[in-house]
Amino acid sequence: MNEKFEELIGTYIHHQVGISDHFITMELSCQLQKNLLDLDKDNSMKFAGIGNQDLKDPLQDKRGDKIFWMNNKSQEPAERAFLSQIDQFILYLNDTCYVGINAYEFHYALYNTGSGYTRHVDQFKNNNDRKFSMIHYLNTDWLPEDGGDLLIYRDDDVEKISPEMQKAVFFKSDSCEHAVSKSTRPRMSISGWLKSI
């Protein structure tokens, strides 16, 4: 497991965006994907907003994903396994990089065909608890022509990261501007934030 943690941290240190192509197992990815699809089938996923309760975007027209928040005390086997790995990663990150993470929050995210998310950063204007953003992709047999790339903005350059199954992405919440391009098929992930509160 430490090799995956080192891959994510090492690529972050060198490129400001950490990537691990196989951060979680294929079996766990498939179980989490099934959970997401079941939640959507049951109409449990709701269209996401922008901002927090104190400062919300009234139009809510910048993002098109539906979400369902994970319970950090969840006993659902796949969610428990996923969150256990997050706990281990945070311990490793704190021990090696001294970043003081002591909380987190994650949600399932589903972008239906043709939806995306415009350029933004992940930290609220009135709350700086979020320190790092993490995304875990749940898309089987994703192809370049499917779109749905994570777009990372670097000065005059844009890096494209495809949302393939098992891949994890890790970056600073307050400074990494990013977007999600529109896709030609539904796009699934678990997204969240490592926090210091």
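**Close-up views of aromatic pairs, ring-face charges and a sheet**

**View 1. Phe132 and Phe170 are both buried.** Welcome to the first close-up of this predicted model. The two phenylalanines also belong to one aromatic cluster, where they are joined by Phe5, Tyr12, Phe23, Phe89 and Tyr92. Look for the two tyrosines, Tyr12 and Tyr92, among the phenylalanine members of this cluster.

**View 2. Phe82 meets Phe106 edge-to-face.** The model holds 11 aromatic pairs. One of them is Phe82 with Phe106, whose ring centres are 5.4 Å apart and whose planes stand at 90 degrees, an edge-to-face arrangement. This pair links distant parts of the chain, since Phe82 sits in helix H3 (residues 77-97) and Phe106 in strand E6 (residues 103-111), with their positions 24 residues apart. Are these two rings buried or exposed? The cut-off for buried is under 20% relative accessible area. Phe82 has 0% relative accessibility, so Phe82 counts as buried. Phe106 has 1%, so Phe106 counts as buried too.

**View 3. Phe132 and Phe170 are stacked, because their planes lie at 15 degrees and their ring centres are 4.8 Å apart.** Planes under 30 degrees apart are what makes a pair stacked. Which elements does the pair bring together? Phe132 is part of strand E8 (residues 130-137) and Phe170 of strand E11 (residues 168-172), so the contact ties together parts that are 38 residues apart in sequence.

**View 4. Two positively charged side chains sit over aromatic ring faces.** Lys66 lies over the face of Phe47, 5.9 Å from the ring centre. Arg130 does likewise with Trp193, at 3.5 Å from the ring centre. If you are following the strands, Arg130 falls in E8, which covers residues 130-137.

**View 5. Four strands make an open sheet.** Follow the strands across in the order E7-E12-E9-E10, with antiparallel pairing. Which strands stand at the edges? They are E7 (117-120) and E10 (157-161); each has a single partner strand, so one side of each is left without a neighbour in the sheet. From one strand to the next, the twist averages 15 degrees.

**View 6. Strand E9 runs antiparallel to strand E10.** How many bridges join E9 to E10? There are 5, and E9 spans residues 150-154. For a landmark within this pairing, find Tyr153, which stands opposite Val158 in E10. Val158 therefore belongs to an edge strand, with E10 having a single partner in the sheet.

Note on methods
Residues are numbered from 1 along each chain as its sequence is written. This is a predicted model: local features need pLDDT of at least 70, side-chain atom pairs count only at pLDDT 80 or more; totals for chains, interfaces and linings use all residues. Side-chain values use heavy atoms; hydrogens and water are left out. Two strands pair if DSSP finds at least two bridges between them. Helices (H or I, at least four residues) and strands (E, at least two) are DSSP runs, numbered from the N terminus. Axes are lines fitted to C-alpha atoms, for helices over the stretch in contact, and angles run from 0 to 180 degrees between N-to-C directions. Rings of Phe, Tyr and Trp (its six-membered ring) pair if their centres lie within 6.5 Å; planes under 30 degrees apart count as stacked, over 60 as edge-to-face and the rest as tilted. Buried means under 20% relative accessible area, exposed over 50%, partly exposed in between (1.4 Å probe, protein chains only). A charge sits over a ring if NZ of Lys or CZ of Arg is within 6 Å of the ring centre and within 35 degrees of the ring normal.
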